[in-house]
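Take a walk through this model, one region at a time. Keep the sequence and the 3D view open as you read.

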Amino acid sequence: MTSSPMSPVDVSAAAFASARCDAAVAHVDVALHLALTAHVLPQRASPSSPAPRLALALSGGLDSMVLLDALAHWVQTRRESSESSESDEAIGVVTPPLAIHIHHGLCAHADEWLVVCEREARLRGFVFEAQRVSVSRDARQGIEGAARAARYAALASSCRTHGVDWLLSAHHANDQAETVLLQMLRGAGLPGVAAMAVAGEPPGSGRQTHRVRLLRPLLDVSRDTMRAYAEARSLKWVEDPSNEDRHYLRNALRHDVMPAIASHVPAYRETLARFARHAAQAQALLDQLAQLDFDMARVAGTGDADGDERLQRSRVQALDAPRLANLLRYWASRRGLMMPPEARLDEWVRQIRDAQPEASVELPHGPAVLRLYRDELQWTAVYDIADPHDIADDAVLRWSGQREWLLPQWKGCVVFTPVVEGEPTDGSVDERVLRAKPLIAKARAGGERWRARAGGHSRSLKHWYQSRGVAAWLRNVPIVWQDAEIVFVPRLGVDGGAQRVQGGARWRMTWRDDA
């Protein structure tokens, strides 16, 4: 049996579909190439140095599978170019990217998705890693927010483990438009409606030592183009049934609102993207203003390597309320904290502006507290205040050269550091003293006295804390004893009595918070 010849209409439709798919592949490939060239490759120290390590967030859905395939093609092209190059300015070696799949455990098909992701990643020469996370179904921020937070925390952990420089995600133009509308409906400010940048910091990255960057190379590519690419390349992907659940606002926007908007404003994606760019530019100017105010108000000697940033309250009082609110928003973001709600931010501004010169103010915010103490504003961890009815158990250490003594009941540890020959020995202790008797960490009982030097006068700990500006929230620490003699008080130092013995190797004792 012979097949019927295709009609001219069928031939024309097939040719159009083929051209559309070819255009989609070219569009995705060009978008990825431009983003990597603009943001990733310039970080190389020299043309022959290795390219930065890349990772991909691979959910298994259509979008991430398109990015997986396009990135694999880009890597292969660069390898072929590197092998064929005879110039000394050769293209840097591209290490196999890492594909990271986060298993949320929220769907009955999650195990099957993991299998698909691993198969497709390894077929393309990627290193593959899956991380399982636990998501609370009754989290305060909702299951979507909790899953997002857990996902980005797991992605960041994988990136740190593997030394990843750039994490790529498959967000596209439709995602950007949905995000802009979603943030507007939530009453977000400029940072929210600025939506997603092509390159930036991953959500919740905070003040981590290893700072992985986030790249969204397909933000200008539409969902239709992504699907056309997938069809042209015969890709396989998974479908998450939760994406059809209109109970979630983003899904309702995607299925009900966006099609209605598109029928009246076909170029809505471009329009909303332009609005987001304008918002981002305006926010950048506000951030520059906040940086000027931050530098003006910063207490001299703070905010360097140790991250102890403090602002002079008397200086920020000169700012009007909107400008102070802008500074506080900027500072919270700088510390890696969530943006405060409008009502909370207004309360911060009021309390900071109205507080008396000697007032102490505590303003809790998530895992941190904004404190006003002795006319200085600072962010701290959430410290426990000593409860007289909840006494921590004693801890005993027979010191034999340990560098750290962990004391989790006080959320910290004693650090022992040898004094290098030629350094001043003031405030240090002879190691023979440390070895002579067990060190005992005890909770404060009241009435303890401490001296700064061997021949100095002893005074109450309260006196020393106040005179040295140790705030009340930093005083819930243990006292280190040997029998009935104090050896060390955190935030003050080695007791003068323990400093008397001379002649042996000397050590400094300091306290480190692990809160």
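**The six-stranded sheet**

Begin at L167, which stands opposite L214 in β6. These residues belong to a predicted model, in which local features need pLDDT of at least 70, side-chain atom pairs count only at pLDDT 80 or more, and totals for chains, interfaces and linings use all residues. Residues are numbered from 1 along each chain as its sequence is written, and side-chain values use heavy atoms, with hydrogens and water left out.

Strand β4 (residues 166-168) runs parallel to strand β6 (residues 213-215), and three bridges link them. Two strands count as paired if DSSP finds at least two bridges between them. Strands are DSSP runs of E with at least two residues; helices are runs of H or I with at least four; both are numbered from the N terminus.

Both strands sit in an open sheet of six, ordered β3-β2-β1-β4-β6-β5, with mixed pairing. β3 (127-132) and β5 (199-200) are at the edges with a single partner strand each, so one side of each has no neighbour in the sheet.

Helices pack against this sheet. Helix α3 (residues 110-123) touches β2 (98-103) and β3, and its direction makes about 165° with that of β3. Helix α4 (residues 142-162) lies across β1 (54-57), β2, β3, β4 and β6, at about 145° to β2. Axes here are lines fitted to C-alpha atoms, for helices over the stretch in contact, and angles run from 0 to 180 degrees between N-to-C directions. Contact means heavy atoms within 4.5 Å.

**An annotated stretch**

Now look at the start of helix α2. UniProt, in an unreviewed entry, lists S59, G60, G61, L62, D63 and S64 under "binding site". UniProt positions follow the numbering used here, feature names are shortened, and annotations may be inferred rather than shown by experiment.

L62 lies in helix α2 (residues 62-84). Is L62 buried or exposed? L62 counts as buried because its relative accessibility is 9%. Buried means under 20% relative accessible area, exposed means over 50%, and partly exposed is in between (1.4 Å probe, protein chains only). Beyond its neighbours within four places in sequence, L62 contacts M226, R227, A230, W237 and V238.

D63 is also in helix α2. At 22% relative accessible area, D63 is partly exposed. Not counting residues up to four places away in sequence, D63 touches A170, H172, D175 and M226. M226 thus appears among the contacts of L62 and among those of D63.

**A buried alanine and a cavity**

Move on to helix α5 (residues 173-185), where A177 is found. A177 is buried, with a relative accessible area of 2%. Which residues does A177 touch, not counting residues up to four places away in sequence? They are M258, Y268, R269 and L272. The C-alpha atom of A177 is 9.9 Å from that of L253, although the two residues are 76 residues apart along the chain.

A search of the whole structure finds one cavity of 30 Å³ or more. The largest cavity holds about 40 Å³ of space. A51, P52, R53, L54, V94 and T95 line the largest cavity. On a 1 Å grid over the protein atoms alone, a cavity is a set of points where a 1.4 Å probe fits but cannot get out; lining residues have an atom within 4 Å of a point. Grid points are joined across faces, edges and corners, and a volume is the space filled by probe spheres set on the points.

**The hairpin and the five-stranded sheet**

In a regular strand the side chains alternate between the two faces of the sheet. Strand β12 (residues 404-407) shows this: W405 and L407 point to one face and are buried, while E404 and L406 point to the other and are not. β12 runs antiparallel to strand β13 (residues 412-418), joined by four bridges. L407 stands opposite G412 in β13. The two strands form a hairpin with four residues between them, and K411 in the turn has a positive phi of about 55°.

An open sheet of five strands follows the order β11-β15-β18-β19-β20, with antiparallel pairing. β11 and β20 (493-494) stand at its edges, each with a single partner strand, so one side of each lacks a neighbour in the sheet. A441 in β15 is the bridge partner of A395. A441 also stands opposite V480 in β18.

How values were computed
On a 1 Å grid over the protein atoms alone, a cavity is a set of points where a 1.4 Å probe fits but cannot get out, and a pocket is an open set with protein on both sides within 12 Å along at least five of seven lines; lining residues have an atom within 4 Å of a point.
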